[in-house]
Amino acid sequence: MSSHHIIREKQEPALYIHELGAFNEEYLGQLLEWSPTLIVNGPVYEKALSMGLKVDAVVSSGETDAFQENTKVISAGKEALDAVLDHLIAEQYPAVNVIDVHSNLRELGSYIEAINIVVFTGTEKAYAIKKGFKVWKPKGSLFRIDVLSYFETSNLRQEENGDFVVIDDGFVEFNFSTEYLFISEVL
């Protein structure tokens, strides 16, 4: 018995692999489960093909690389990640998952109003939240919060190392006065 899923184009977040590093292949499989548009950075292209991935687009800084037929090239006259985000916004994608070795989300602040961005590294999942955000988490889940301004939360305790730990199974709520708060969850 098989199940069939109908996915409308752009319903799922696009996936951009900037740098794989030691990213967990099981997590990668989960991100690819619903067949998102897959974009890879030029240096990652051969690795992605060797993993059996169908690459929809490659970010290239102008080298004349040979790519598979039907693979779109996104020209990166600037930073590759900026080129990808500009492309996805122009194509009206509502969201993108990014795999990188660093979660440089604060540097992407100018894009947050136009597209939802989640950055995955080998150890964490980082994203920007808006006022009133709440999420259910099991006891012991860890958050890292980029504390740039005053905020309040429920069901979290700050540890000496700066991490925030969920106290009890249940909702964690965030209240703050800035436009966004950058948080990450430890994977």
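Two strands count as paired if DSSP finds at least two bridges between them, and strands themselves (E, at least two residues), like helices (H or I, at least four), are DSSP runs numbered from the N terminus. The model on your screen is predicted, so local features need pLDDT of at least 70 and side-chain atom pairs count only at pLDDT 80 or more, while totals for chains, interfaces and linings use all residues. Residues are numbered from 1 along each chain as its sequence is written, and side-chain values use heavy atoms, with hydrogens and water left out.

**Stop one: a sheet**

Select strands E8, E13 and E10, which form an open, antiparallel sheet of three strands in the order E8-E13-E10. Its edge strands are E8 and E10 (151-154), each of which pairs on one side only. On average, and with direction ignored, neighbouring strands here are turned by 20° against each other, where the axes are lines fitted to C-alpha atoms (for helices over the stretch in contact) and angles run from 0 to 180 degrees between N-to-C directions. Now look between E10 and E13, which run antiparallel and are joined by four bridges. Which residue in E13 is the bridge partner of Ser154? The partner is Glu173.

**Stop two: aromatic rings**

A pair of aromatic rings is described by the distance of the centres and the angle of the planes. Rings of Phe, Tyr and Trp (its six-membered ring) pair if their centres lie within 6.5 Å, and planes under 30 degrees apart count as stacked, over 60 as edge-to-face and the rest as tilted. A search of the whole structure finds six aromatic pairs. Select Phe23 and Phe120, whose ring centres are 6.4 Å apart with planes at 80°, so this pair is edge-to-face. Because Phe23 lies in the loop between strand E1 (14-17) and helix H1 (25-32), and Phe120 in strand E6 (residues 116-120), the pair ties together parts that are 97 residues apart in sequence. Are these two residues buried or exposed? Phe23, at 8% relative accessibility, is buried, and Phe120 is buried with 10% (buried means under 20% relative accessible area, exposed over 50%, partly exposed in between, with a 1.4 Å probe and protein chains only).

Go next to Phe133 and Phe174, where the ring centres are 6.1 Å apart and the planes stand at 40°, so the pair is tilted. Phe133 is found in the loop between strand E7 (124-129) and strand E8 (134-137), and Phe174 in strand E13 (residues 170-176), so parts 41 residues apart in sequence are tied together. Phe133 is partly exposed at 24%, whereas Phe174 is buried at 0%. Add Tyr127 and Phe143 to the selection, since ring pairs link Tyr127, Phe133, Phe143 and Phe174 into a cluster.

**Stop three: charges**

The structure holds five salt bridges (a side-chain nitrogen of Lys or Arg within 4 Å of a carboxyl oxygen of Asp or Glu). Select Arg144 and Glu124, one of these bridges, in which the closest N and O atoms are 2.9 Å apart. The two residues are 20 residues apart, with Arg144 in strand E9 (residues 142-145) and Glu124 in strand E7. Arg144 is partly exposed at 33%, while Glu124 is buried at 11%. Another salt bridge joins Arg157 to Glu159, with 3.0 Å between the closest N and O atoms. Returning to Glu124 and Arg144, add Asp163, because salt bridges that share partners join Glu124, Arg144 and Asp163 into one network.
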